[in-house]
Amino acid sequence: MSVGRPATVAYITRGYSRRHLRDGGGSLLSFASTTTPIAAPIKPAALIGCSRRTTDPVFTSSGTRGRRRTAISAAAATERLQKGIAELYDEYSGVWEDTWGDHMHHGYYEPDSDVSISDHRAAQIRMIEESLRFASLSDDSMQKPINIVDVGCGIGGSSTYLARKYGAKCQGITLSPVQARRAQELAAAQGLDDKVSFQVADALNQPFSDGEFDLALSMESGEHMPDKKKFVGELARVVAPGGTIIIVTWCHRDLSPGESLRPEEKDLLKKICDAFYHPPYCSTAEYVKLLESLSLEDIKAADWSEYVAPFWPAVIKSSLTWKGIISLFRSGWKTIKGALAMPLVIKGYKTGLIKYVIVAGRKPES
């Protein structure tokens with residue numbers, strides 16, 4: 001199928017995998033408990049730093065005691081949200097793998113195309129290829145990336161694909177111990193355990209040295225980040241001079257100067273964020289502004305919402321099959337809650353409130 005090239009939206013004035021669902025005939029508990037030891041250790045690092053939503057109580061007492069109480073409250077809220085995100089992916093990564101494979105992200109489609117289930121996995125590969133093309137990454141042997149970090153790696157689909165494509169070493173980080181174990185198993189099954197490794201780690205405090213990677217990829221994990229500035233800052237920190245950053249994520253629509261989201265938009269976003277353990281979204285323009293603040297070069301962004309439009313209806317359709325229903329109930333409440341929120345996501349896309357965007361930039365050579 002011929003895939004049309006998306007129009008690039010250049011933001012010059014202003015400037016955010018997630019993941020999904022397997023079962024395979026058994027519960028996630030049995031799936032998790034029967035995994036074999038992985039080649040690389042899963043470090044017991046903190047999970048991706050996330051803060052609870054703005055509805056959390058804030059202490060207003062003045063002075064050092066008030067600040068300390070506020071910090072304690074924020075830390076407790078962060079811990080609760082981290083736990084929720086990790087458990088969500090522990091629950092439903094197996095369900096997702098059984099239906100969609102190891103690429104835990106949207107597919108890329110021709111607008112208004114009539115797609116079949118068999119096309120979705122190919123569309124997920126196209127999503128990676130289109131993202132690399134958008135960021136102007138070269139396949140030339142002298143310019144291709146040789147060290148890659150996959151932030152929010154899921155069960156390793158993007159990492160193993162990039163390792164094969166470029167002959168590169170790739171390190172993935174995720175919230176979920178279940179995902180990290182399964183990702184390492186899949187890499188080993190493909191003979192890539194010497195090229196690819198996975199660990200549980202904090203995307204806002206990555207366990208890597210400055211300038212360690214040629215490419216930092218975040219494929220649908222940015223929506224889990226409560227501190228977008230720190231998130232982008234860490235991507236820029238671990239990328240070497242001349243290296244590339246690619247962020248593919250959900251945002252809310254851009255706002256005019258002085259404009260705010262309407263009450264009904266805020267209500268819809270809150271329901272979606274609560275279901276998927278997302279902190280509040282930001283706009284594409286805000287992301288671009290963050291990259292600009294770090295003096296990145298060749299910054300560009302595009303709205304790819306129309307190119308992912310067939311994906312969520314397909315996810316809902318798969319969930320309504322007898323196999324899908326059984327898998328959902330076996331996986332747990334968090335997965336069920338996310339499945340029930342899928343029509344809200346589609347509504348957000350159709351009304352233009354939610355945008356599926358790509359933002360890319362390059363770290364200066366010096």
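# Report on a predicted protein chain

S295 is located in the loop between α8 and β6, where helices (DSSP runs of H or I, at least four residues) and strands (DSSP runs of E, at least two residues) are numbered from the N terminus. The structure is a predicted model, in which local features need pLDDT of at least 70 and side-chain atom pairs count only at pLDDT 80 or more, whereas totals for chains, interfaces and linings use all residues. Residues are numbered from 1 along each chain as its sequence is written, and side-chain values use heavy atoms, with hydrogens and water left out.

## The chain as a whole

The protein chain contains 13 helices and seven strands. Of its 366 residues, 56% are buried. Here buried means under 20% relative accessible area, exposed means over 50%, and partly exposed lies in between, with a 1.4 Å probe and protein chains only. The chain exposes about 15,800 Å², and carbon and sulfur atoms supply 54% of this area; the accessible areas come from the Shrake-Rupley method with a 1.4 Å probe, and for residues only the protein chains shown count as cover.

## Two turning points in loops

S295 is not a glycine, yet it has a positive phi of about 60°. Y277 also has a positive phi of about 60° without being a glycine. The position of Y277 is the loop between α7 and α8 (284-293), and Y277 counts as buried because its relative accessibility is 15%.

## The nonpolar cores

In soluble globular proteins, nonpolar side chains tend to be buried together. A nonpolar core is defined as a set of buried Ala, Val, Leu, Ile, Met, Phe, Trp, Tyr and Cys residues joined through side-chain atoms within 4.5 Å. The largest nonpolar core of this model has 44 residues, and those with the most contacts inside it are L162, I246, W250, W304 and Y356. Among the elements that give two or more residues to this core are α3 (117-134), α4 (157-166), β4 (213-219), β5 (239-252) and β7 (354-362). Helix α7 provides the largest share of the core, six residues. A second, separate core has 29 residues, including L235, I245, C282 and V357.

## Selected buried residues

The table lists residues for which both the place in the chain and the relative accessible area are available.

| Residue | Place | Relative accessible area |
|---|---|---|
| Q184 | helix α5 (residues 177-189) | 2% |
| V178 | helix α5 | 10% |
| H120 | helix α3 | 2% |
| V196 | strand β3 (residues 196-200) | 1% |

Several of these residues take part in pairs. The side chain of Q184 reaches the backbone oxygen of V196 at 3.1 Å. The side chain of H120 makes a polar contact with the side chain of Y109 at 2.5 Å. A polar contact is a pair of N or O atoms within 3.5 Å; within protein, one atom must be able to donate a hydrogen and the other to accept it, and residues adjacent in sequence count only if both atoms are side-chain atoms.

Other pairs are described by their C-alpha atoms. V196 and L162 are 34 residues apart along the chain, and their C-alpha atoms are separated by 9.6 Å. For V178 and G154, the separation is 24 residues in sequence and 9.4 Å in space, C-alpha to C-alpha.

## Cysteines

A disulfide is a pair of cysteine sulfur atoms within 2.5 Å, and by this rule the model has zero disulfides. The closest cysteine sulfur to that of C153 belongs to C170 and is 8.2 Å away, so the distance is too far for a bond. C153 counts as buried, because its relative accessibility is 6%. The sulfur of C251 has its closest cysteine sulfur in C282, at 5.0 Å, which is likewise too far for a bond. C251 is also buried, at 0% relative accessibility.

## The largest pocket

On a 1 Å grid over the protein atoms alone, a pocket is an open set of points where a 1.4 Å probe fits, with protein on both sides within 12 Å along at least five of seven lines; lining residues have an atom within 4 Å of a point. Grid points are joined across faces, edges and corners, and a volume is the space filled by probe spheres set on the points. The largest pocket holds about 370 Å³ of space. It is lined by 20 residues, and the closest to its centre are L137, Q143, G242, T244 and R362. At least two lining residues come from each of β5, β6 (297-303) and β7. Strand β5 gives the largest share of the lining, four residues.
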